[in-house]
Amino acid sequence: MNEKIVLLEICKNYSDFSIKASFIAYEGELVSILGPSGSGKTTILHIIAGFIPPDSGKIIKDGIDITNVRSEKRNIGIVFQDYALFPFLSVYSNIAFGLRLKHISKKEVDVEVRTFANAFGIENILSKYPNLISGGEKQRVALARAMITKPDILLMDEPMSSLDAKIREKLRNELKDFHRKFGITIVYVTHDQTEAMYLSDRIILMNNGRIEQIGTSVELYYYPQTSFAREFIGKINSINMDGETLYVRPEDIKLSKKRGILKGIVADIHYLGSMSEIVVKLENSTIFALGLTRNITNFKAGNSVFLSFNKNVKQRR
């Protein structure tokens, strides 16, 4: 794959915080920058966009150094947190905004706006204002506004952070469809690991201004390279056995009333729909196991239970 955007030893220093980052996003890839609040995710995005200059390092786009290129000359689109649609402009004018800044003729603007509105399925709301459209429509308008200038790269800064779970799930599906359709390189910032794992080709995991690990969702989940990556991605049990510490995902624990390698007491059961989480008290620790609800109906709080592990656990220490 071709390297679309490369950050080479980017450094940004503040009085009480510093950021150091190097990574590559390839042509057509959706890369998420994932991490807790204050880890430097949005700052990295703004450095790529040209809103914040780095103190050192280089930004290479399509083989050209753009570190000192002004933001409006980089041909990089951005979708801001909560979409940042202009409330005083109609959907049509929101989408047309970037083209009008380029002094394109009114006729060309109209053709492009209607073309992108059709592509995103929002041609019937062009005369409406942002306060009169749904969350899904706002996302499509924001994407159309960002894409109409035909950027090389699209940056997205936590666009779903303020939405409820059901709407987020719907919009994640729409964003994935959009990415398949247009194939543009996307750098997506989020603190939501579910969102990152669902959307991304690769994830850049950040903590305290540093990159902890870069990899696919599977690589970060099953083969974390740092203690932070292990604890941040998903839930994991730390189990001491024979002088060793095993790190075991809840779904890798098997429960039995008859036999196993550890014995405990069922402390609680959290029913989560098709899956359920079983909380097991051991002598000196608490273990979380995950299984299909239909398979754990014979376990009740207070029951004695035996634990064993799936065969692949030893590869995940």
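1. Start with D62, which is partly exposed at a relative accessible area of 38%. Since this is a predicted model, I'd look at the backbone here with that in mind. D62 has a positive phi of about 55 degrees and is not a glycine. Most residues other than glycine have a negative phi, so this one deserves a glance. As for location, D62 sits in the loop between β4 (56-61) and β5 (64-65).

2. N208 is another residue to check for its backbone. Its phi is positive, near 55 degrees, and N208 is a residue other than glycine. You'll find N208 in the loop between β9 and β10. Is N208 buried or exposed? N208 is exposed, with a relative accessible area of 52%; the cut-off for exposed is over 50%.

3. The surroundings of N208 are a hairpin. Strand β9 (residues 202-207) pairs with strand β10 (residues 210-215) in the antiparallel sense, over five bridges. Two residues lie between the strands of this hairpin, and the positive phi of N208 belongs to it. For a residue pair to click on, take I204, whose bridge partner in β10 is I214.

4. Now the open sheet. It has five strands in the order β13-β17-β14-β15-β16, and the pairing is antiparallel. Which strands stand at the edges? They are β13 (253-256) and β16 (286-292); each has a single partner strand, so one side of each is left without a neighbour in the sheet. Direction ignored, neighbouring strands of this sheet are turned by 45 degrees against each other on average.

5. Within that sheet, the edge strand β13 pairs with strand β17 (residues 304-309) in the antiparallel sense, and four bridges make up the pairing. Two of the residues of β13 can be placed against their partners: I253 stands opposite F309 in β17, and K254 has S308 of β17 as its bridge partner.

6. β17 also pairs with strand β14 (residues 262-271). The two run antiparallel and are joined by four bridges. Here L262 has L307 of β17 as its bridge partner. With β13 and β14 listed on either side of β17 in the strand order, these pairings are a handy way into the sheet when you open the model.

7. On to the helices. Two packed helices are described by the angle between their axes and the distance between the axes. For helix α2 (residues 91-101) and helix α4 (residues 135-147), the angle is about 30 degrees and the axes are 7 Å apart. Angles under 35 degrees count as roughly parallel, and α2 and α4 are therefore roughly parallel to each other. On the α2 side the contact is made by V91, N94 and I95, and on the α4 side by V141, A144 and R145. What kinds of residues are these? The contact of α2 with α4 divides into four nonpolar residues, one polar and one charged.

8. Staying in helix α4, have a look at Q139. At 1% relative accessibility, Q139 counts as buried; the cut-off for that is under 20%. What does Q139 touch, leaving aside residues up to four places away in sequence? Its contacts are Y83, M160, L171, E174 and L175.

9. K181 is one for the surface list. This lysine is found in helix α5 (residues 165-182) and counts as exposed, with 54% relative accessibility. K181 and A119 are 62 residues apart in sequence, yet their C-alpha atoms are 9.7 Å apart in space.

10. Finally, the overall picture. The protein has eight helices and 17 strands. Its C-alpha atoms fill a box of roughly 75 × 45 × 35 Å, taken along the principal axes. Of the 317 residues, 48% count as buried. The exposed area is about 16,000 Å², and carbon and sulfur atoms supply 50% of it. As for contacts between residues at least 6 apart in sequence, 63% join residues at least 24 apart.

Methods. Residues numbered from 1 in each chain as written. Predicted model: local features only at pLDDT ≥ 70, side-chain atom pairs only at ≥ 80, totals over all residues. Heavy atoms only, no water. Axes fitted to C-alpha atoms, helices over the stretch in contact; angles between N-to-C directions. Parallel < 35°, antiparallel > 145°, perpendicular 65-115°, else oblique. Contact = heavy atoms within 4.5 Å. Nonpolar A, V, L, I, M, F, W, Y, C, P; charged D, E, K, R; others polar. Buried < 20%, exposed > 50% of the residue type's maximum accessible area, 1.4 Å probe, protein only. Areas by Shrake-Rupley, 256 points an atom, 1.4 Å probe, with all protein chains shown as cover. Pairing = 2+ DSSP bridges.
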